[in-house]
Amino acid sequence: MYEKITPPQVGSPITFKDGEPIVPDNPIIPFIRGDGTGIDLWPASERVFDAAVKQAYGDTRKISWFKVYAGDEACEMYGTYQYLPEDTLAAIREFGVAIKGPLTTPIGGGIRSLNVALRQIFDLYACVRPCTYYQGTPSPHKNPEKLDVIVYRENTEDIYLGIEWKQGSEICDRLIKLLNEDLIPATPEHGTKQIPLDAGIGIKPISKHGSQRLVRRAMQHALRLPKAKQLVTLVHKGNIMKYTEGAFRDWGYELVTSEFRMECVTERESWILSNKEGNPDLTIEENAREIDPGYESMTPDKQDAICGEVKAVLEAIWDSHGNGQWKEKVMVNDRIADSIFQQIQTRPNEYSILATMNLNGDYLSDAAAAIAGGLGMAPGANIGDSSAIFEATHGTAPKHAGRDRVNPGSVILSGVMMLEYMGWQEAAELIKKGMAAAIAGGEVTYDLARLMEPPVDPPLKCSEFAEAIIRHF
Ligand SMILES: NC(=O)C1=CN([C@@H]2O[C@H](COP(=O)(O)OP(=O)(O)OC[C@H]3O[C@@H](n4cnc5c(N)ncnc54)[C@H](OP(=O)(O)O)[C@@H]3O)[C@@H](O)[C@H]2O)C=CC1
Ligand SMILES: O=C(O)CCC(=O)C(=O)O
Ligand SMILES: [Mg+2]
C-alpha cells in the first residue's frame with residue numbers, strides 16, 4: 001500500500017467516532033520532521049514525548065512513531081517536486097493523528113503552502129493555538145501572565161484557499177474586464193468603482209458552513225473551561241468587508257443563539273437584560289436608547305429595528321437568562337480585528353477564546369505568542385472530525401536551522417496538546433511540569449535567555465533544553 005515507507009510493526013491506528021479520537025494504548029503516530037529548524041526540533045521533542053509516556057505509564061502505553069515525508073526531505077526521497085507524496089497522505093489517513101515540524105513556503109511564486117494543503121486535504125477546519133504564559137518566561141510585556149487566550153482559527157478557507165490570478169495573466173485581465181464592465185456596474189452599491197487594470201486578483205471566500213463549524217468548536221471548548229474563562233470573542237473586520245468578515249460575525253451569533261441558546265448570552269443581550277434588571281419599569285424604547293448611544297441620530301426605521309431587537313430578546317430569554325441568570329452563561333461578543341490586537345495587549349484578562357477567520361487568526365496567533373514568551377513557546381493543533389495534525393505556530397526559521405539552538409518548546413507543547421487530545425493527561429502534565437521548572441530555573445534557549453534579567457549566558461541548546469525538561473519531570 002505504501003511506496004517507500006513501512007509503518008511500525010507494532011501498534012494500531014487512532015480511529016474517530018462522532019469527531020472524537022479513540023486511542024489504543026500503542027498508537028502509531030506519523031510524524032513529519034519538517035524543513036529548516038525541523039532538523040533540530042523534532043529529535044529533541046520526540047525524546048521528551050517518549051520519556052514522559054514511559055514515566056507516566058511504564059510499559060502499558062507507548063507511541064510507535066512512523067516517519068513520513070514532506071517538504072525538502074520528501075523531494076530527496078521521492079524525487080523533484082514530490083513535496084507531499086501520496087505515502088504521507090495515506091499514512092495520516094490510516095493512522096488518524098499526526099504531528100509535524102514546520103515546512104517552508106516560498107514567497108511570491110513556487111509551490112503553495114504544504115502546511116495549508118495538509119489542513120485542506122484532511123479538512124482540519126479548526127486551528128487551535130493556546131497562548132498561555134508559563135511562570136518565569138521572560139516577555140517584553142509587564143504583565144504577560146494576564147494573557148491566557150486560545151485562538152480558534154478557521155483553517156480551510158479565506159484567502160488560504162489560494163485562488164488568485166497573477167497581474168497581467170490572461171485570466172486576470174479577463175476577470176478584471178468582466179468585473180469592471182459587467183459585475184461592478186450591475187451592483188449599485190459599488191457606484192463607479194473600477195479595479196486598476198494592472199492589479200492581481202485574489203478571492204476571499206468565507207462560507208456559512210465553514211464559519212459556523214469553527215464557532216461551534218470554539219463554543220464547545222468554552223463550555224469545558226472554568227466559569228471565569230467562558231467567553232468567546234468573534235474577531236472580524238466586518239466594518240470593511242461586510243459580506244465576508246461581517247458575515248462571519250453574523251453567522252457566529254446565529255449559531256450560538258440557536259445551537260447553544262440555553263448555554264450562552266451575547267454581550268448585547270446582557271446589556272438589555274441588565275438594563276431591565278436595574279430598572280424593571282424601563283420601557284422598550286428607553287432600553288434601546290441605553291444599548292445604542294447613537295440612537296437619537298438614527299433614522300426611524302433603524303430605531304424601530306433596535307426596539308424590535310430589545311423586545312425580541314426580552315420575550316425570548318428573560319425567563320431563562322434574566323435576573324442575573326445570564327452571568328452563568330458563556331458570554332459571546334465580537335471585536336473588530338485591529339482593535340483586538342491592542343486589546344490583547346492592554347486588557348488581556350478580558351479575553352479567552354478568540355474565534356477568527358483564517359488570515360486574522362494567523363496574524364493574531366503570532367502576536368499573542370509574542371506576549372506569552374515568543375514563537376518558541378507557541379503550540380498549535382489542526383483539528384477536524386476524522387483526523388488531527390499537531391504543529392507549532394512558527395515556521396522554519398531558516399537562519400537558525402541545523403544549529404541546535406532554537407527553542408523546541410513550541411513543538412513540545414504541540415505534543416502536549418496531542419497527548420491531552422488523546423486523553424494521556426498524565427504524560428502531558430509531566431512535560432508541562434518539567435518545562436515550567438526548567439524555565440523557572442533559567443535553563444532556557446537563546447530566545448528566552450536574551451530576554452531574561454540578567455540575560456542567561458550561555459543559553460541551552462535545543463537538545464539541552466529537552467534534556468532539562470526531562471530532568472525536571
Ligand atoms: N506551520 C508552518 O509550517 C509554518 C511555516 N512557515 C514558513 O516558515 C518559513 C519561515 O518563515 P518566517 O517568516 O521566517 O517565520 P518563522 O516563524 O519561521 O521565524 C520567524 C522568527 O521567529 C523566531 N522563531 C521561530 N521559531 C522559533 C523557535 N523554535 N525558537 C525560537 N525562536 C523562533 C525567530 O526569531 P529570532 O530570529 O528573532 O530569534 C525567527 O527568526 C516560511 O517559508 C513560512 O512560510 C511559517 C509559519 C508556519
Ligand atoms: O504555510 C505557511 O508557510 C505559513 C502558515 C502560517 O503562517 C500559519 O499557519 O501560521
Ligand atoms: Mg503564521
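Start by selecting R153 and ligand 2: a polar side-chain atom of R153 lies 3.1 Å from an oxygen atom of ligand 2. Keep in mind as you look around that this is a predicted model.

**Stop 1: ligand 2**

Stay with ligand 2 and add N115 to your selection. An N or O atom in the side chain of N115 is 2.9 Å from an oxygen atom of ligand 2. Now add R119, where an N or O atom of the side chain is also 2.9 Å from an oxygen atom of ligand 2. How much of ligand 2 does the protein bury? Taken alone, ligand 2 exposes 290 Å², and the protein buries 76% of that.

To see the whole shell, select T105, S113, N115, R119, R129, R153, D362 and T393, the residues around ligand 2. Try colouring them by type: four are polar, four are charged and none is nonpolar.

**Stop 2: ligand 1**

Keep N115 on screen and bring up ligand 1. A polar side-chain atom of N115 lies 2.9 Å from an oxygen atom of ligand 1. You have already met N115 in the shell of ligand 2.

Next, show the backbone of L103 and T396. A polar backbone atom of L103 is 2.9 Å from an oxygen atom of ligand 1. For T396, a polar backbone atom is 3.0 Å from an oxygen atom of ligand 1. On its own, ligand 1 exposes 880 Å², of which the protein buries 71%.

Which elements give two or more residues to the shell around ligand 1? Select α4 (114-121) and α15 (446-449), and you have them. Then widen the view to the 23 residues around ligand 1, of which T105, G395, A397, H400 and Y446 come nearest. Colour this shell by type too: it divides into seven nonpolar, ten polar and six charged residues.

**Stop 3: the sheet**

Switch to a cartoon view and look for the strands. Eleven of them form an open sheet with mixed pairing, in the order β4-β3-β5-β15-β14-β6-β7-β13-β10-β12-β11. Where does this sheet end on each side? Select β4 (64-68) and β11 (264-266), the edge strands, each of which pairs on one side only. As you rotate the view, follow the turn between neighbouring strands, which is 25° on average, direction ignored.

Now zoom in on β6 (residues 126-132) and β7 (residues 148-154). These two strands pair in the antiparallel sense over seven bridges. Pick out C131 and find the residue opposite in β7, which is V149.

**Stop 4: helices on the sheet**

Select helix α3 (residues 86-95). This helix lies across β3 (28-32), β4, β5 (97-100) and β15 (388-390), and runs at about 145° to β3. Then move to helix α8 (residues 267-278), which packs on the sheet and touches β11 and β12 (330-336). The direction of α8 makes about 85° with that of β11.

**Stop 5: details of the backbone**

Follow the loop between α15 and α16 (462-471), where you will find P454. The peptide bond joining E453 and P454 is cis, with omega about -10°. P458 lies in that loop between α15 and α16 as well, and a cis peptide bond joins D457 and P458, with omega about 0°.

For a last selection, go to D123, found in the loop between α4 and β6. What is the sign of phi in D123, positive or negative? Phi of D123 is near 50°, a positive value in a residue other than glycine.

Key. Residues are numbered from 1 along each chain as its sequence is written. Chains are lettered from A and ligands numbered from 1 in the order in which they are written. This is a predicted model: local features need pLDDT of at least 70, side-chain atom pairs count only at pLDDT 80 or more; totals for chains, interfaces and linings use all residues. Side-chain values use heavy atoms; hydrogens and water are left out. A residue is near a molecule or strand if one of its heavy atoms lies within 4 Å of it. A polar contact is a pair of N or O atoms within 3.5 Å; within protein, one must be able to donate a hydrogen and the other to accept it, and residues adjacent in sequence count only if both atoms are side-chain atoms. Accessible areas come from the Shrake-Rupley method with a 1.4 Å probe; for residues, only the protein chains shown count as cover. Helices (H or I, at least four residues) and strands (E, at least two) are DSSP runs, numbered from the N terminus. Ala, Val, Leu, Ile, Met, Phe, Trp, Tyr, Cys and Pro count as nonpolar, Asp, Glu, Lys and Arg as charged, and the others, Gly among them, as polar. Two strands pair if DSSP finds at least two bridges between them. Axes are lines fitted to C-alpha atoms, for helices over the stretch in contact, and angles run from 0 to 180 degrees between N-to-C directions. Contact means heavy atoms within 4.5 Å.
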